[in-house]
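Open your viewer and have the selection tool ready. The stops below say what to pick next and what is there.

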Amino acid sequence: MMFFLWLFVLGLISYFLLQSSISRITRTPVWLLWLVIMAPALIWSGWILVSGPSKSSPPDWLIIPFLVCPFLYWLLVQLGRKEITSETAEITAGDGTEPAKAKPKPALRPITPEEETSLRDCFPWSIYFLQNLEFRPQAVVCRGHLRTNPEVAYETIRQNVERHFGDRFLVIFQSSFSGQPFFAIVPNPHRQSAENSVKNEPLSRPLFALGLVVITLFTTTIVGAQLAGVTEKIVQSNPSMLIKGLPYAITLMVILGIHESGHYLAAKFHKISTTLPYFIPVPFFLGTFGAFIQIRSPIPNRKALFDVGIAGPLAGLVATLPFLIWGLYHSTVVPIAKNSGMLNFESFNPNFSLMMALLSKLTLGAALSSETAINLHPVAVAGYLGLIVTAFNLMPVGQLDGGHIVHAMFGQRASMAIGQVARLCMLLLSFLEPGLLLWAIILFLTPLNDEPALNDVSELNDWRDALGLVAIGLLLAILLPAPRILVQWLNV
């Protein structure tokens with residue numbers, strides 16, 4: 001029964017992701033794409049429904065759909081692909097963020113012929129030698145040769161455009177497929193006017209955010225009470241027993257809140273307009289689907305993109321580790337069960353993760369051996385989930401935090417290639433650890449492209465590159481299983 005509940009949740013999540021992202025770039029029906037991407041899970045669940053969970057399904061029934069469906073999904077998206085315009089493009093950010101409001105339809109020609117001379121004057125020949133202008137419905141593409149540092153060139157030309165045109169336009173600096181940097185002058189969808197400034201939705205809604213916190217605290221407390229062994233019958237006879245769910249609820253919400261606060265503070269540091277962190281309460285599953293912030297203005301450059309992307313996972317990890325270690329210390333060691341694994345909190349086997357194996361052995365010492373497992377304390381469950389959230393957000397795919405990080409480090413085109421490799425690696429890893437199957441499917445539903453920064457050419461400095469490599473190392477330490485030689489040496 002629990003398996004089919006997970007399948008139902010997966011189906012809802014996958015359909016929502018397709019409807020909110022892929023539907024805007026392809027004419028292929030969403031239901032068809034959903035059916036293709038869900039085919040492996042549907043085949044697996046059909047086998048369990050007919051034959052029962054005790055009988056293993058033929059390997060071909062699992063391997064062939066996982067190989068065929070991603071290719072078929074990509075083919076269907078490409079066959080129905082439509083041009084992305086500013087009417088459909090939306091600015092999003094990070095883990096679980098929502099799209100911004102639809103942009104107004106741009107003028108067919110952003111500037112008049114008389115304004116073209118003013119635009120050309122914005123490009124000093126010693127900064128960027130302008131060769132030609134390409135007029136498009138959504139932009140004026142300015143091509144030429146870069147003659148100075150990309151950051152200096154962008155700031156100089158941006159200031160010149162603002163001096164001539166005010167806040168009418170955004171200045172975008174990107175690299176073409178051939179590697180040549182070019183400028184694009186596009187209508188500013190975030191321009192404030194006297195007419196629309198009153199109608200705009202308030203950026204910060206503290207009462208709404210606080211209400212979501214209260215509701216999420218209630219739903220996570222219910223789940224925490226269940227983890228503590230409090231049944232529905234006990235709650236009905238003594239509602240005060242729900243208080244046993246607070247350690248899990250408070251721990252998980254603190255971790256998620258600090259994660260999103262990291263994004264929020266980094267965005268504020270770079271003067272990026274953003275909402276407060278919002279929690280997503282649900283009355284089942286973990287009690288919450290996490291939290292998100294909503295970016296309301298463009299990312300200025302790759303440094304800001306990197307800082308906003310990495311601030312959340314690092315802040316969340318710093319908050320997670322103390323809770324996880326405390327929870328492991330107060331957990332109990334039990335004889336290992338046949339169904340021990342990464343999702344069995346009553347018989348938890350930490351060997352699927354190098355970091356979990358090291359932390360578990362460090363905390364529990366000799367009591368933990370190859371013949372034993374861990375009955376996780378509710379705080380340890382919340383800390384473990386915080387670690388999982390950190391790892392998922394560090395995946396270098398699309399608009400996840402890890403996707404922002406590799407985009408900022410290596411550029412947009414390279415980040416898409418890295419994201420595709422990461423998705424395939426996660427798919428292969430799910431064959432070794434079935435608990436990662438949900439991740440693999442969600443990653444294949446996640447678009448590879450990440451919204452470019454306004455200045456998407458200037459590269460990061462050395463210390464940011466080094467920090468990005470540390471983040472990738474943390475992801476591998478969480479996801480990859482402990483090596484056999486280490487497992488034998490630690491006796492776990």
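Select Lys 271, which comes after helix α8 and has a positive phi near 60°. Lys 271 is not a glycine, yet its phi is positive. The residue sits in the loop that runs from α8 to β5 (278-281). Helices here are DSSP runs of H or I with at least four residues, strands are runs of E with at least two, and both are numbered from the N terminus. Is Lys 271 buried or exposed? It counts as exposed, because its relative accessibility is 76%. The cut-offs are under 20% relative accessible area for buried, over 50% for exposed and partly exposed in between, with a 1.4 Å probe and protein chains only.

A word on the model before moving on. It is predicted, so local features need pLDDT of at least 70 and side-chain atom pairs count only at pLDDT 80 or more, while totals for chains, interfaces and linings use all residues. Residues are numbered from 1 along each chain as its sequence is written, and side-chain values use heavy atoms, with hydrogens and water left out.

**Back along α8**

Select residues 246-269, helix α8. Does the length fit, or what should 24 residues span? At 1.5 Å a residue the expected span is 34 Å, and the end C-alpha atoms are 33 Å apart, so the two agree. The expected span is 1.5 Å times one less than the number of residues.

**Forward to the β5-β6 hairpin**

Colour β5 and strand β6 (residues 288-292): they run antiparallel and are joined by three bridges. Strands pair here if DSSP finds at least two bridges between them. Phe 279 faces Ala 291 in β6. Six residues lie between the strands of this hairpin, and among them Phe 285 has a positive phi near 60°.

**The annotated spans**

Load the UniProt record next. Its unreviewed entry places "transmembrane region" features at several spans, including 33-50, 62-80, 207-228, 248-266 and 466-487. UniProt positions follow the numbering used here, feature names are shortened, and annotations may be inferred rather than shown by experiment. Take residues 207-228: 95% helix, 0% strand, end C-alpha atoms 31 Å apart. Then take residues 466-487: 82% helix, 0% strand, end C-alpha atoms 29 Å apart.

**Strands β1, β2 and β4**

Show strand β1 (residues 128-135) and strand β2 (residues 140-146), an antiparallel pair with seven bridges. A hairpin of four residues links β1 to β2. Pick Phe 129 and find its bridge partner, His 145 in β2. Now add strand β4 (residues 181-187), which runs antiparallel to β2 and shares three bridges with it. Cys 142 stands opposite Phe 183 in β4.

**Gln 174**

Select Gln 174 in strand β3 (residues 169-175). It counts as buried because its relative accessibility is 19%. Show its contacts (heavy atoms within 4.5 Å). Leaving out residues up to four places away in sequence, Gln 174 touches Gln 180, Pro 181, Phe 182, Gln 412, Pro 452, Asp 456 and Val 457.

**Lys 361**

Go to Lys 361 in helix α10 (residues 354-364). Its 17% relative accessibility is why it counts as buried. Which residues does Lys 361 contact, apart from neighbours within four places in sequence? They are Ala 366, Leu 368, Leu 490, Asn 491 and Val 492. Draw a distance from Lys 361 to Leu 328: 33 residues apart along the chain, 9.6 Å between C-alpha atoms.

**Tyr 384**

Next is Tyr 384, in helix α11 (residues 378-393). At 2% relative accessibility, it counts as buried. Beyond neighbours within four places in sequence, Tyr 384 is in contact with Leu 324, Met 342, Phe 345, Phe 348, Phe 352 and Met 356. Met 342 is 42 residues from Tyr 384 in sequence, with 9.7 Å from C-alpha to C-alpha.

**His 404**

Select His 404 in helix α12 (residues 401-410). Buried or exposed? At 4% relative accessibility, His 404 counts as buried. Its side chain reaches the backbone oxygen of Gln 399 at 3.3 Å.

**Zoom out**

Show the whole protein chain: 16 helices and eight strands. Of its 492 residues, 49% count as buried. Among contacts between residues at least 6 apart in sequence, 71% join residues at least 24 apart.

Note on methods:
A polar contact is a pair of N or O atoms within 3.5 Å; within protein, one must be able to donate a hydrogen and the other to accept it, and residues adjacent in sequence count only if both atoms are side-chain atoms.
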